[in-house]
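Colleague: Could you take me through this model? I should like to ask about it piece by piece.

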Amino acid sequence: MTVKDVFVSAPGKAILHGEHAVVHGKVALAVSLNLRTYLRLKGTTTGNVCINLPNIDTFLCYDLSELKQLIPASCGKREEGKPLDAELMRRLREFIGVTNGNLDTCNMATLSFLYIYISLFGSSELPSLTVSVWSELPTGAGLGSSAAYSVCLASALLCASGAIPAPLKESDQSARWCQEDLEQINSWAFQGEMIIHGNPSGVDNAVGTWGGMLRFLAGKIIPLSRVPLLRILLTNTKVPRSTKVLVAGVKDKINKFPSIMTPVLDSVDAISCTCEKVLSEMTCEPITGEHYNILEELIDINQHHLNVMGVGHPSLDTLCQVTLTKGLHSKLTGAGGGGCGITLLRPETDSSVVQTTVQDLKDCGFDCWETSIGGPGVQQHSPLSVKEEVREILNRY
Ligand SMILES: Nc1ncnc2c1ncn2[C@@H]1O[C@H](COP(=O)(O)OP(=O)(O)OP(=O)(O)O)[C@@H](O)[C@H]1O
Ligand SMILES: C[C@@](O)(CCO)CC(=O)[O-]
Ligand SMILES: [Mg+2]
């Protein structure tokens with residue numbers, strides 16, 4: 001069986017409010033970014049499955065006959081959206097040589113690819129193919145790189161397996177799937193996130209799938225269509241961290257001090273709800289300085305709560321202090337522990353202030369840029385419509 005070629009992309013995300021609390025059933029507000037992950041899947045006749053992940057220096061090929069041995073009897077009987085298939089996970093871990101629970105960058109990415117590939121094709125015939133992924137997102141920095149990766153894998157492999165149609169018509173440059181297909185992509189991407197994150201809430205893969213701004217609560221996704229245009233500065237402290245480890249740390253703290261941590265999570269929930277209310281008011285009445293004052297105070301309070309949860313970092317404190325000297329308010333975004341932060345810019349923030357702030361943050365060794373938010377969710381592309389720089393990288397493999 002030779003599968004058809006597929007080219008897809010999915011956006012990264014920034015969480016405005018609710019990271020970590022969302023894992024424990026609280027509201028999160030998240031928004032897609034204009035930075036994307038691109039995946040090219042090519043049908044081959046080599047008898048191999050190859051995966052090229054240049055962002056993480058991973059280039060691997062597996063013989064189909066080896067992979068066939070890993071297919072568990074349960075394959076094909078399982079529905080998407082269910083907990084991971086423990087037997088397939090056990091076999092895959094053994095196959096790629098992971099015996100303890102600690103998965104490094106390369107193993108996590110490889111495991112989630114092989115898991116989705118075998119789950120989707122295992123009940124029929126494993127096809128020979130090459131998957132290459134390249135991302136504009138920093139890997140493991142809080143901008144949802146794992147979710148964008150999982151959403152790309154899920155959409156391309158579902159499409160190649162025929163489980164969902166390819167939406168792209170000959171004359172199109174890019175196309176999106178219908179709601180039902182997006183739900184399937186989202187739930188397979190969630191499986192990928194389970195392998196990478198351990199215990200994900202699903203907010204990141206939902207943003208990667210649907211794009212725009214979302215309210216997320218216990219798996220329920222509500223797109224927020226009426227939101228004001230927000231100017232946001234993104235800063236990558238470049239301090240490495242693992243979402244899986246940070247999420248597990250917050251859980252331990254909640255288990256250790258339930259009566260202390262529960263009110264903190266409830267307060268974060270109230271912050272997300274208040275922020276949503278203010279954003280909605282800003283679309284139906286004239287925007288005032290007071291709206292921005294409230295948004296800034298919410299950012300400050302949430303940043304303190306995130307420090308209480310133990311997911312702060314001295315580099316993030318520096319970000320908050322440096323931006324505050326310019327009258328700007330920042331918080332971490334994503335899992336914290338380093339990684340990225342967001343800074344809210346006011347409409348009247350002068351470009352000279354933005355420039356000097358960016359320079360001051362760069363002088364701290366950080367990457368910093370003004371970003372546009374609300375990019376489209378997962379898309380299929382005609383290869384020629386993709387930016388030349390991305391095409392050139394993916395064409396190397
Ligand atoms: N471009 C990519 N190529 C291959 N693997 C990737 C890529 N992007 C992300 N990954 C996988 O995702 C892991 C990083 O996920 P992690 O959840 O820790 O960070 P994040 O998703 O960037 O941040 P957050 O979850 O806080 O938003 C990497 O270790 C790797 O396994
Ligand atoms: C830290 C967290 O809340 C957000 C990571 O972007 C984890 C999750 O929701 O899965
Ligand atoms: Mg992640």
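Modeller: The following answers cover the domains, the core, one helix, one loop residue and a ligand.

Modeller: This is a predicted model, in which local features need pLDDT of at least 70 and side-chain atom pairs count only at pLDDT 80 or more, while totals for chains, interfaces and linings use all residues. Residues are numbered from 1 along each chain as its sequence is written, and chains are lettered from A and ligands numbered from 1 in the order in which they are written.

Colleague: Which domains does the protein chain have?

Modeller: The assignment gives domain 1 (6-222 + 374-395) and domain 2 (226-371); such bounds come from an automatic or database domain assignment. Taken over C-alpha atoms, the centres of the two domains are 27 Å apart.

Colleague: And how many residues does the contact take from each domain?

Modeller: Domain 1 contributes 29 residues and domain 2 contributes 34, where contact means C-beta atoms, placed from the backbone, within 7 Å. On the domain 1 side, β1 (6-17), β2 (28-43), α5 (179-197) and β7 (213-217) each give two or more residues. Helices (H or I, at least four residues) and strands (E, at least two) are DSSP runs, numbered from the N terminus.

Colleague: Which residues of the largest nonpolar core touch the most other members?

Modeller: Ala14, Ala30, Cys152 and Ala156 do, out of 110 residues. A nonpolar core is a set of buried Ala, Val, Leu, Ile, Met, Phe, Trp, Tyr and Cys residues joined through C-beta atoms within 7 Å; buried means 20 or more other C-beta atoms within 10 Å of a residue's own, placed from the backbone. Helix α4 (residues 145-161) gives the most to this core, with 12 residues.

Colleague: How much of α3 is buried?

Modeller: In α3, 14 of the 17 residues are buried. Its end C-alpha atoms are 25 Å apart, which agrees with the 24 Å expected at 1.5 Å a residue, the expected span being 1.5 Å times one less than the number of residues.

Colleague: Where is Gly337 found?

Modeller: Gly337 is in the loop between β10 (329-332) and β11 (340-345). Gly337 counts as buried because 23 other C-beta atoms lie within 10 Å. Leaving out residues up to four places away in sequence, Gly337 touches Arg241, Leu246, Val311 and His313.

Colleague: Turning to ligand 2, which residues are the closest?

Modeller: The closest of the 15 surrounding residues are Glu19, Pro200, Ser201, Gly334 and Ala335; a residue is near if its C-beta atom, placed from the backbone, lies within 6 Å of the molecule. Domain 1 and domain 2 each supply at least three residues to this shell.

Key. Buried ≥ 20, exposed ≤ 12 C-beta atoms within 10 Å, placed from the backbone. Contact = placed C-beta atoms within 7 Å.
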